[in-house]
Amino acid sequence: MKEENNVRLITTKELFDEVFKDKIPDRLRKTIDRPEIYEYEKEIGKDFIDMNSEELLHLIASYTKEDQLLSDVSYNLMFSYYRKMWNYYIENYRVIKNPFKEEALRGKNKLINLRDCKIKFTKDTIIRLVGLLHSEYSTERANYYECLLLLFYNGFYTTQEVIELKEDMIDFGTGEIRLSNRTIEVSKRCLYLLKYVNSLTMLGDERNRKYKVIPYRGGYFKFIMRESYTDFDKDSLEKVSIRLVSTIKRDISNKFGIHVNNSVLYYFGLYEAMVKEYGLEEANNMILQGRDRKSNDEFRYFINRYNSEILNKYKISRVKRELVAFT
């Protein structure tokens, strides 16, 4: 065993290489050797190997995959590899406590504690985001970004639904919008902002650069594009979808350090609809009770009424996992 001598014995990146290089697929390596680790090391002034269980929980709770929460299976696999990494360090460098053997980071406890570490997304989060938008951006940009947030919060399930929205699908009197498989009703504020964004033709930024605001293939929602960008209608639907997701991530989530994306907004709107219909306690019980048949049947019934496409795409357990962060 190497002597400590009160100096760093090995960097985190070197330790990952020693333990896992050429031993696990690169795809798996990326799920455990993550940029969040190195950012958090700088933030708290500690190496990964020296973090305690509480610090590790806060770090791992920040992990996402393509802006989605990780599954319980992913967390279990991750914790197993980290436990192995700590064991290797103890055997080859110095004797320390392995936090991944503590009760807080084992079994069901770790999943419960991870959920508790996540910052709960609430209505106040949306209000705060909107306030930040209007304090940091021009009125035109703030309204544009607020509209984007409210569309998903008010019931747009996918970016494709926003992109393919046409004027004749909107009832400006009632606020109802007829989508392909359902009709949703958006708030007066959302409807006002949707009309506002549609009226925009140009936008500036803090560097006095000019951007055009244009529709995609005759859609009602418009996109902020460089003046020099041509043939926008020739872009693929996938590319335009990525543009929407990136806009939320770059100009809202990363800008203000608040984890938010189209999926979080949509599922929070769904959660609020559940609470409105069933009350807070019953709605939470429906989400948290995994094996109660009656509860699951009622949950399935509600989800199918809200948007039948969800359960065509995901199992009921996946949908509950998306909602559990709000309980």
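Select Lys-212 and Met-225 to begin: Lys-212 stands opposite Met-225, a residue of strand 5. The model on display is a predicted one, and this tour proceeds from its strands to its helices and aromatic rings.

**The hairpins**

Extend the selection to the whole of strand 4 and to strand 5, residues 222-226; the two pair in the antiparallel sense over 5 bridges. Together strand 4 and strand 5 form a hairpin, with 6 residues between them. Within that turn, select Arg-217, whose phi is positive at about 50°.

Next, add strand 3, which covers residues 202-204. Its partner is strand 4 (residues 210-215), and the pairing is again antiparallel, here over 3 bridges. For a point of reference in this pairing, display Leu-203, which stands opposite Tyr-211 of strand 4. A hairpin is formed here as well, with 5 residues between strand 3 and strand 4. Asn-208 lies in this turn and has a positive phi of about 65°.

**A helix crossing**

Move now to helix 13 (residues 280-288) and helix 14 (residues 293-307). Their axes come within 9 Å and cross at roughly 105°. Because of this angle, helix 13 counts as roughly perpendicular to helix 14. To see the contact, display Asn-285, Met-286 and Ile-287 from helix 13, which meet Ser-295, Glu-298 and Phe-299 from helix 14. Classed by residue type, the contact of helix 13 with helix 14 contains 3 nonpolar, 2 polar and 1 charged residues.

**Aromatic pairs**

A search of the whole structure yields 29 aromatic pairs. Select Phe-16 and Phe-48 as one of them: the ring centres are 6.1 Å apart and the planes lie at 15°, so this pair is stacked. Which parts of the chain does the pair of Phe-16 and Phe-48 tie together? Phe-16 belongs to helix 1 (residues 12-20), while Phe-48 sits in the loop between helix 3 (35-44) and helix 4 (53-60), so the pair links parts that are 32 residues apart in sequence. Both Phe-16 and Phe-48 are buried.

Keep Phe-48 selected and add Trp-86. These two residues form an edge-to-face aromatic pair, with 5.0 Å centre to centre and 80° between the planes. Trp-86 lies in helix 5 (residues 72-92) and Phe-48 in the loop between helix 3 and helix 4, so the pair ties together parts that are 38 residues apart in sequence. Trp-86 is buried, as is Phe-48.

For a further set of rings, select Tyr-137, Tyr-144, Tyr-145, Tyr-216, Phe-221, Phe-223, Tyr-229, Phe-232 and Phe-256, which ring pairs link into a cluster.

**Helix 4 and its surroundings**

Return to the stretch that follows the loop of Phe-48, namely helix 4. Is helix 4 mostly covered or mostly uncovered? Helix 4 is mostly covered, for 6 of its 8 residues are buried. Display these buried residues: Ser-53, Glu-55, Leu-56, Leu-57, Leu-59 and Ile-60. Adding helix 3, helix 5 and helix 6 (107-117) brings in the elements against which the buried residues of helix 4 pack.

**A final stop**

Finally, select Lys-313, located in helix 15 (residues 309-313). Is Lys-313 buried or exposed? Lys-313 is exposed, because its relative accessible area is 51% and the cut-off for exposed is over 50%. With Leu-59 of helix 4 still displayed, a distance label may be drawn between the two C-alpha atoms: those of Lys-313 and Leu-59 are separated by 30 Å, with their positions 254 residues apart along the chain.

Methods. Residues are numbered from 1 along each chain as its sequence is written. This is a predicted model: local features need pLDDT of at least 70, side-chain atom pairs count only at pLDDT 80 or more; totals for chains, interfaces and linings use all residues. Side-chain values use heavy atoms; hydrogens and water are left out. Two strands pair if DSSP finds at least two bridges between them. Helices (H or I, at least four residues) and strands (E, at least two) are DSSP runs, numbered from the N terminus. Axes are lines fitted to C-alpha atoms, for helices over the stretch in contact, and angles run from 0 to 180 degrees between N-to-C directions. Angles under 35 degrees count as roughly parallel, over 145 as roughly antiparallel, 65 to 115 as roughly perpendicular and the rest as oblique. Contact means heavy atoms within 4.5 Å. Ala, Val, Leu, Ile, Met, Phe, Trp, Tyr, Cys and Pro count as nonpolar, Asp, Glu, Lys and Arg as charged, and the others, Gly among them, as polar. Rings of Phe, Tyr and Trp (its six-membered ring) pair if their centres lie within 6.5 Å; planes under 30 degrees apart count as stacked, over 60 as edge-to-face and the rest as tilted. Buried means under 20% relative accessible area, exposed over 50%, partly exposed in between (1.4 Å probe, protein chains only).
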